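This briefing was prepared for a reader who wishes to relate a ligand site to the chain that surrounds it. Please keep the sequence and the three-dimensional view at hand while reading.

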Amino acid sequence: MDALRIEGGQRLSGTIAVDGSKNAALPALAAAILAQDTFTLRGVPPLQDIQNMTHLLGELGCAVQVDDRDITIDTTDTSRVHAPYDIVRTMRASICVLGPLLAARGEARVAMPGGCAIGDRPVDLHLRGLEALGATVSLEGGDMVLRADTLKGATVFMGGPFGSTVLGTANVLCAAVRATGETIIESAACEPEVAFLARLLRAMGADIEGEGTPRITVRGVERLSGVDIDLMPDRIVAGTLAVASAITNGNVTLERFPMDHLLAVLDRLRESGVHVEQLDSTQSPDCCTVQITTDRRLRPILFTTQPHPGFPTDLQAQVMSLLCLADGNSIVTEKIYPDRFLHVPELARMGATVIRLGATVVVQGVDELVGAPVMASDLRGGAALVLAGLAAKGETLVRRIYHMDRGYTNLEVQLASLGAHIERVDGGPN
Ligand code: EPZ
């Protein structure tokens, strides 16, 4: 199995462009099921999760053509409605096809996703939302089966115990665009990826207002046409690369940086002594060029993950790695996935002083981290270990990097281009 070997201690410098967003691409590609014409999404990173999604769309009768980073989809056979467990178990985001299949084909049969390393991830809100639009829901042989001859607009509440649901909102949005009448999605997820989906659907002919706010209004239309659209930059990749610069006390310039989507993170990073400067003020703040530099000593901070525009859970682990080297005690609280801390014991193996108390971790800054063999258990936690390895003294070997390949395009190549001593090696059996 592949592993990443890192010789820590190099200050990163240079310029790199942020890839397109995986989490915007997945629901966007699923929305191709709604198009009665050719659908093209441009600038899609060649990630494992993207391949899983195009494979699933193929299973669902879509003709998928991948030309470098541009994906074109034509829906030829509309008879297939089954997302089987073999695919869903490799990627939970397969659930994105639920709303589009129901709206376009009158039925969706999607395997119930199983357990997940980052904690319990129920799907009740997806089902409740689609039921409110008139779907019947049953569980058959481990599959969620939803049916509706016609969907009817309604007021749908998408809030749950841990905030609103991102992919649940995406599913309801995709179903509501083809429902008769008006749908109001209350407590809608405000994440930029949901707003991107709404813009994409509008470009296909949907009538949507309010995306990016907790109330989205949708008036159903009979037909959606094709679309040709560029993918937005990935705010989580952008944040990860910013931390890579900061943790090595580097000087990295990031192009296509979605500053507007990262305000909560930038606020915390600045408090800690990381400087993020927009280099060209004429560029749009949701896709601009920034330079990342850092004070000699980092200050400890408090942060709590929250739904957007709060601090994203998908950057909790990476920023925690940075705080391991701050001058004092930081406190990190996880409010979206209270068990998303599998990186904590691995950071401790590298000399970090990290104490978990329920959904909170106290990070006592140390003077240095020390390289060690460690194991990634999930995508973002794995990225956090790589970041720690960049700063650590000596060699770090991060195993199970297939987790990172789901969400970062050749992370080692990107970091090596900035001067990191990092390479993909055979890490032996897992
Ligand atoms: C999306 O997952 C992202 N995935 C996740 O990214 C991200 O961590 C998460 O949103 C939160 O921002 C994609 O976009 C593909 P949720 P999603 O439904 O939509 C609870 C990454 O590293 N909940 O917004 O599945 C849930 O348990 C990943 O790229 C219910 O209670 O997450 C969680 O506590 C991993 N019932 C909270 O809501 C439901 O029906 C938010 O989850 C659904 C969710």
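The points below treat the domains, the ligand shell, and then selected helices and residues.

The structure is a predicted model. Its chain is assigned two domains, domain 1 (2-10 + 269-275 + 294-426) and domain 2 (22-221), and each of them contributes at least three residues to the shell around the ligand. That shell comprises 24 residues, and the protein buries 91% of the 830 Å² that the ligand exposes when taken alone.

**Domain arrangement**

- The centres of domain 1 and domain 2, computed over C-alpha atoms, are separated by 31 Å.
- Contact between the two domains involves 19 residues of domain 1 and 17 residues of domain 2.
- Domain 1 is assigned in three segments, 2-10, 269-275 and 294-426, while domain 2 is given as 22-221.

**Composition of the ligand shell**

- Of the residues that surround the ligand, the closest are L125, T165, D314, I336 and R380.
- By residue class, the shell divides into 12 nonpolar, 5 polar and 7 charged residues.
- Four helices, α1 (22-30), α5 (124-132), α6 (166-176) and α12 (379-391), each provide at least two residues of this shell.

**Polar approaches to the ligand**

- In the side chain of T165, an N or O atom lies 2.7 Å from an oxygen atom of the ligand.
- The backbone of L167 places an N or O atom 2.8 Å from a ligand oxygen atom.
- For N23, the separation between an N or O atom of the side chain and an oxygen atom of the ligand is 3.0 Å.

**Helix α1**

- Helix α1 is largely enclosed by the rest of the structure, because 8 of its 9 residues are buried.
- The buried residues of α1 are K22, A24, A25, L26, P27, A28, L29 and A30.
- At the start of α1, the backbone nitrogen of N23 is within 3.4 Å of a side-chain oxygen of S21; the side chain of N23, for its part, has an N or O atom 3.0 Å from a ligand oxygen.

**H126 in helix α5**

- H126 belongs to helix α5, one of the helices that supply at least two residues to the ligand shell.
- With a relative accessible area of 6%, H126 is buried, because the limit for that class is under 20%.
- The side chains of H126 and N171 are joined by a polar contact of 3.0 Å.
- Beyond its neighbours within four places in sequence, H126 contacts I95, L98, T165, L167, G168 and N171. Among these contacts, T165 has a side-chain N or O atom 2.7 Å from a ligand oxygen, and L167 has a backbone N or O atom 2.8 Å from one.

**Helix α4 and the loop before it**

- Helix α4 (residues 98-105) has 7 of its 8 residues buried, so the rest of the structure largely encloses it.
- The residues concerned are L98, G99, P100, L101, L102, A103 and R105; L98 is also among the contacts of H126.
- Just after α4, G106 adopts a positive phi of about 80°.
- S94 is located in the loop between α3 (85-88) and α4, and S94 is buried at a relative accessible area of 0%.
- A polar atom of the S94 side chain is 2.6 Å from the backbone oxygen of M91.
- Not counting neighbours within four places in sequence, S94 contacts M53, L56, I87, V88 and V110.

**I216 in strand β15**

- I216 is part of strand β15 (residues 215-219) and counts as buried at 0% relative accessibility.
- Setting aside residues up to four places away in sequence, I216 touches T169, L173, T183, I184, I185, A188, V194, I208, E209, G210 and E211.
- I216 and D267 are 51 residues apart along the chain, and their C-alpha atoms are separated by 27 Å.

**L298 in the β19–β20 loop**

- L298 occupies the loop between β19 (288-294) and β20 (302-304).
- The relative accessible area of L298 is 7%, so this residue is classed as buried, the limit being under 20%.
- Outside the residues up to four places away in sequence, L298 touches S272, G273, V274, L322, L325, A326 and D327.
- One of these, L325, is 27 residues from L298 in sequence, with a C-alpha to C-alpha distance of 7.1 Å.

Definitions and conventions:
Residues are numbered from 1 along each chain as its sequence is written. This is a predicted model: local features need pLDDT of at least 70, side-chain atom pairs count only at pLDDT 80 or more; totals for chains, interfaces and linings use all residues. Side-chain values use heavy atoms; hydrogens and water are left out. A residue is near a molecule or strand if one of its heavy atoms lies within 4 Å of it. A polar contact is a pair of N or O atoms within 3.5 Å; within protein, one must be able to donate a hydrogen and the other to accept it, and residues adjacent in sequence count only if both atoms are side-chain atoms. Accessible areas come from the Shrake-Rupley method with a 1.4 Å probe; for residues, only the protein chains shown count as cover. Ala, Val, Leu, Ile, Met, Phe, Trp, Tyr, Cys and Pro count as nonpolar, Asp, Glu, Lys and Arg as charged, and the others, Gly among them, as polar. Domain bounds come from an automatic or database domain assignment. Buried means under 20% relative accessible area, exposed over 50%, partly exposed in between (1.4 Å probe, protein chains only). Contact means heavy atoms within 4.5 Å.
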